[in-house]
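Student: Take me on a close look at the empty space inside this model. Start with the main site and leave nothing vague.

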Amino acid sequence: DKGNHRHFMAKEIAEQPETVSHTLAHYIDLSNETVSLRESLPFDFAELSRLTITACGTAYYAGLVAKYWFERYARLAVDVDVASEFRYREPPLAENGLTLVISQSGETADTLAALRYSAREGQHIAALVNVQESTIARESHVVFPTLCGPEIGVASTKAFTAQLTALASLVIAAGEARGVLSASRAHELVRALIELPSAISEALRHEKSIEGLARQLARASDVLYLGRGQMFPLALEGALKLKEISYIHAEGYAAGELKHGPIALVNEEMPVVVVAPSDELMEKTLSNMHEVAARGGKIILITDAEGVAEAGDGISDIIEMPRVHPFVAPILASIPVQLLAYHTAVFMGTDVDQPRNLAKSVTVE
Ligand code: M6R
């Protein structure tokens, strides 16, 4: 049931304050404001040699964000790869390593094959899934749920933010177990997560102005998305969302790679979406943005009040998000990139919930 929404995707975007809360309630002890995992772990975060994350599509991008987090907050070495590559690479896997597969459906063929390969290689296997009765869940040693309810739209939205929410919680648990996060630092990160649902509600209130920017995107034939650090995967996710539902060609790039090639594409016809909320890398991303603007590129900047002040005059199309702790900023930035893609697709008149050539669950390779 779409309720009073035009599409399932619109409903699923709008639900995210609740779905993120719901997922958080599973991982966080809200009275003590600590992470408290209900799953008993068949491994010890403190002893893990390496973490391997494998998944497809949007779930892969959630894994990419998690890599930045696990490395920074838990000092755990992480490899991330798309499952279709991982399974045939047959990578050597370290002893006492953990493979974490991420899948909304729990039925994606390549992800399942990557899981089976890792199991044969003697890895601990953890799954982060939305469908708890799925094959991937059944074949894993421990299952972490995303509790966002059924996702109907082919374009993944609420599953992505639920995956990130669960991953963020696991990162805090790992950081504490590995002695990297002090109790007070862990508490600071938990607080950031607890405050996230209301920030998401606030972000959703910008829908009208995002719709206005989407009207411009709908006229473009190519769109570039840029982000740096933990915002790089959000640039990839923004580009994927746009291409799959609006059929507009889009690419996500690490902002620092711009001058190694893609800046040659920039002209007056090319919108460039820059994802840069305030963190220690924002200034670098904004300087890349100015390089694009100087060549006539049309910028759409996703940032917060501090970023607006930093960006200076001359950047008129800004989506201003509420200011949150940088740790959770990638989760919040999901909202504007989803809304931009959604409204662009609505202007284009595509079948938003059932885009051409795509299936919700890819059970063949
Ligand atoms: O069910 P899964 O999470 O394993 O699915 C993975 C991808 O097929 C999925 O995320 C796909 O990329 C979405 N259509 C993206 O919006």
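Tutor: First, a term. Helices and strands here are DSSP runs, numbered from the N terminus, with at least four residues for a helix and at least two for a strand. The model is predicted.

One helix, H3, is a good thread to follow. H3 gives the largest share of the lining of the second largest pocket, 4 residues. H3 also gives the largest share of the lining of the largest pocket, there 3 residues.

Take the largest pocket now. The volume of the largest pocket is about 510 Å³. Its lining counts 23 residues, and Cys-56, Gly-57, Thr-58, Lys-360 and Val-362 lie nearest the centre. Four elements give two or more residues to this lining: helix H3 (57–74), strand E5 (98–103), helix H5 (109–120) and helix H11 (232–246). Gly-57 and Thr-58 fall within the span of H3. By class, the lining of the largest pocket holds 9 nonpolar, 10 polar and 4 charged residues.

What takes up the space of the largest pocket? The ligand does. Look next at its polar contacts. An oxygen atom of the ligand lies 2.6 Å from a polar backbone atom of Gln-104. At Ser-105 the partner is a side-chain N or O atom, 2.7 Å from a ligand oxygen. Thr-108 also offers a side-chain N or O atom, 2.5 Å from an oxygen of the ligand. How much of the ligand does the protein bury? The ligand alone exposes 420 Å², and the protein buries 90% of that.

Two elements, H3 and H11, give two or more residues to the shell around the ligand. H3 gives the most, with 3 residues. The shell has 13 residues, and Ser-103, Gln-104, Ser-105, Thr-108 and Glu-244 are the closest. By class the shell divides into 4 nonpolar, 7 polar and 2 charged residues.

Back to the second largest pocket. About 200 Å³ of space lies there. Its lining includes Tyr-68, Trp-69, Arg-72 and Tyr-73, and these numbers fall within H3 (57–74). Arg-185, Gly-229, Gln-230, Asp-279, Glu-280, Leu-281, His-325 and Pro-326 line the second largest pocket too. The class split here is 5 nonpolar, 3 polar and 4 charged.

Closed spaces come next. A probe the size of a water molecule, rolled over the atoms, shows where empty space is left. How many cavities of 30 Å³ or more are there? The count is 3.

The largest cavity holds about 70 Å³ of space. Pro-277, Ile-302, Thr-303, Asp-304, Met-321, Pro-322, Val-324, Ala-329, Leu-332 and Ala-333 form its lining. Strand E11 (298–304) and helix H14 (329–348) are the elements that give two or more residues to this lining. Ile-302, Thr-303 and Asp-304 sit within the E11 span, and Ala-329, Leu-332 and Ala-333 within that of H14. The lining of the largest cavity has 8 nonpolar, 1 polar and 1 charged residues.

The second largest cavity has a volume of about 50 Å³. Phe-43, Phe-45, Leu-51, Phe-70, Leu-98, Leu-100, Ala-126, Phe-144 and Leu-170 line it. That lining is 9 nonpolar residues, with no polar and no charged ones. Phe-70 falls within the range of H3, while Leu-98 and Leu-100 fall within that of E5.

Keep the ligand site in view as you turn the model. The ligand takes the space of the largest pocket, and H3 gives the most to the shell around the ligand.

Notes
Residues are numbered from 1 along each chain as its sequence is written. This is a predicted model: local features need pLDDT of at least 70, side-chain atom pairs count only at pLDDT 80 or more; totals for chains, interfaces and linings use all residues. Side-chain values use heavy atoms; hydrogens and water are left out. On a 1 Å grid over the protein atoms alone, a cavity is a set of points where a 1.4 Å probe fits but cannot get out, and a pocket is an open set with protein on both sides within 12 Å along at least five of seven lines; lining residues have an atom within 4 Å of a point. Grid points are joined across faces, edges and corners, and a volume is the space filled by probe spheres set on the points. Ala, Val, Leu, Ile, Met, Phe, Trp, Tyr, Cys and Pro count as nonpolar, Asp, Glu, Lys and Arg as charged, and the others, Gly among them, as polar. A residue is near a molecule or strand if one of its heavy atoms lies within 4 Å of it. A polar contact is a pair of N or O atoms within 3.5 Å; within protein, one must be able to donate a hydrogen and the other to accept it, and residues adjacent in sequence count only if both atoms are side-chain atoms. Accessible areas come from the Shrake-Rupley method with a 1.4 Å probe; for residues, only the protein chains shown count as cover. A molecule sits in a cavity or pocket if more than half of its atoms lie within 2 Å of its grid points.
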